[in-house]
Amino acid sequence: MAMAEAMPDIPGETIANWQRIVDLIARLADVPASLVMRRSAPKHAVYVTSNSANNPYPVGLEFTLNEKLYCYGVFENDGELTVEDARCEPRWADNDDLEHGMSFYIGYPLKWPDGTLFGTICVLDHRRNKRALLFREGLREFARVIEADLARLTEINLRVRLESRLQEALDKLELRVSERTQELEEANTALRVLLANVEQARKDYDQTVLRQIKGLVMPHLSKLRARLKRDATAETYLDLMEDSLKSISASYSNGLSTALEALTPSELEIAQMVMQGKTTKDIAQTLSRETSTIDFHRNNIRRKLGINRSGQNLRSLLMAAHE
């Protein structure tokens with residue numbers, strides 16, 4: 001089988017999930033940039049970038065792979081690379097990211113199921129970031145979640161090609177149906193059994209991904225919560241992260257609700273706090289904004305969800321959309 005066939009396109013739904021992941025990482029680690037990079041030698045490009053303030057890395061920004069590039073060090077290590085201050089390390093003192101002032105870096109490789117490099121997941125900052133250093137293990141587990149997506153997409157791609165080949169075989173059999181009726185019936189029976197097995201395999205695989213999120217990522221949130229228990233804002237974002245992880249997990253089980261897809265990142269953040277039962281005043285304090293600003297966003301959320309004049313409770317509708 002050709003290598004190119006084993007690497008499927010990444011669908012929009014998966015990219016949207018990765019966007020949620022990098023946004024969560026950026027907020028939790030308090031970094032200006034959280035990235036998923038994709039390798040296509042000799043280039044290394046930004047594939048998904050966090051919607052965070054002062055992030056200088058737009059989607060599509062390309063770098064030429066060289067030994068001075070942080071991600072090149074990740075590939076060399078075949079594992080974690082942490083650079084706490086590039087300006088103090090001769091190897092990294094003149095790397096490309098210093099053009100953006102990014103002297104702090106943590107990154108991990110991302111691989112296809114056959115071990116071929118997809119790229120990296122990383123965080124960058126212009127300062128030594130202690131919170132990001134504490135979050136390294138969590139970042140590593142998010143890398144495993146993305147690799148699970150790559151494995152799932154590869155499996156789906158293989159199944160699609162298998163089904164296509166089976167369909168081709170079925171078409172040929174139908175040309176002989178008048179002479180080989182019994183043979184065609186046996187082929188149809190075998191096809192139904194195979195498709196049933198493929199569907200069951202898909203469900204089993206989705207459950208495996210769901211267990212990985214719950215078993216590999218969620219426990220680290222509890223540990224991080226214990227470290228940040230005196231930081232009310234951090235605890236709020238931890239709550240948001242847990243809710244978002246549940247949304248990501250839902251896409252592997254019952255399907256993620258589309259009711260919130262029209263919201264902006266700010267509106268989505270406020271909607272998540274509303275679902276947690278927080279008042280306008282609570283949200284304003286957490287986000288350091290005026291209550292009038294929060295009311296403005298709440299009205300926009302109601303308008304986009306079609307309940308601006310219905311009198312329906314916003315929290316109840318949002319909770320129903322997430323079920």
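Me: Which residues does Phe135 touch, not counting residues up to four places away in sequence?

Reply: This is a predicted model, in which local features need pLDDT of at least 70, side-chain atom pairs count only at pLDDT 80 or more, and totals for chains, interfaces and linings use all residues. Residues are numbered from 1 along each chain as its sequence is written, while side-chain values use heavy atoms and leave out hydrogens and water. With contact taken as heavy atoms within 4.5 Å, and residues up to four places away set aside, Phe135 touches Ile25, Leu28, Ala29, Phe142, Leu224 and Met241.

Me: Which element supplies the largest share of the largest nonpolar core?

Reply: A nonpolar core is a set of buried Ala, Val, Leu, Ile, Met, Phe, Trp, Tyr and Cys residues joined through side-chain atoms within 4.5 Å, and the largest has 36 residues, with Trp18, Val36, Ile121 and Phe135 having the most contacts inside it. Helices and strands are DSSP runs (H or I, at least four residues; E, at least two), numbered from the N terminus. The largest share of this core, eight residues, comes from H1.

Me: What is the relative accessible area of Ser34?

Reply: Ser34 is in strand S1 (residues 33-40), where its contacts beyond four places in sequence include Val22, Val48 and Cys122. Buried means under 20% relative accessible area, exposed over 50%, and partly exposed in between (1.4 Å probe, protein chains only). Ser34 is therefore buried, because its relative accessible area is 0%.

Me: How many Å apart in space are Pro113 and Glu155?

Reply: Pro113 is in the loop between strand S5 (104-111) and strand S6 (117-125). Pro113 and Glu155 are 42 residues apart in sequence, and their C-alpha to C-alpha distance is 9.4 Å.
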